[in-house]
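Please open the model in your viewer and keep the sequence alongside, since this tour moves from one selection to the next.

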Amino acid sequence: MEHNKRMNPFRRYLGLKDFKSRDGFFEVRIDIFPDLLNFSGNVHGGVIASLVDMSIGNAVHPVLNENQYSTTVELKINYLKPLNGKTITARSCLLHKGKTLLVGKADIFNEHDQLVATGTATFMILNKYNKKL
């Protein structure tokens, strides 16, 4: 599976699963476990931000050619309500693809399919062969 090849340790730690990808749309789910919670017992905002970033990144990846990669250059989140329960679902799509920038949107839902956060991210398209080490 393409997504398994792209699973770094942080993604594995979060437990991304149930990938659904089609026509510029990407969906992923994670199970909530105690390490993801803040002191109030809700999912930490950084986890939600990471999920927005990774979800949009997975929507971006299929539109790049084999000589390109991308990196996040801007991320904006609106937290709408506390997130708790058993699962989190992120649904993302691309809003714009230009020559050097892509913009995507992700909505985050709780286990009852209620919208709890929404975010946008801008990714820069880079060339693998001009990559500086």
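Begin by selecting Lys 17, whose bridge partner in strand 2 is Arg 29. The model is a predicted one, in which local features need pLDDT of at least 70 and side-chain atom pairs count only at pLDDT 80 or more, while totals for chains, interfaces and linings use all residues. Residues are numbered from 1 along each chain as its sequence is written, and side-chain values use heavy atoms, with hydrogens and water left out.

Next, extend the selection to strand 1 (residues 17-22) and strand 2 (residues 25-31), which pair in the antiparallel sense over four bridges; strands are DSSP runs of E, at least two residues long, numbered from the N terminus, and two of them pair if DSSP finds at least two bridges between them. The two strands form a hairpin with two residues between them, and in its turn Asp 23 has a positive phi of about 40°.

Now move along strand 2 to Glu 27, which is buried, with a relative accessible area of 15% (buried means under 20%, exposed over 50% and partly exposed in between, with a 1.4 Å probe and protein chains only). Show its surroundings: leaving aside neighbours within four places in sequence, Glu 27 is in contact (heavy atoms within 4.5 Å) with Asp 18, Phe 19, Lys 20, Thr 89, Ala 90 and Arg 91.

Finally, go to the loop between strand 5 (101-109) and strand 6 (115-127), where Asp 113 is found. Asp 113 has a phi near 60°, a positive value in a residue other than glycine, and at 46% relative accessibility Asp 113 counts as partly exposed.
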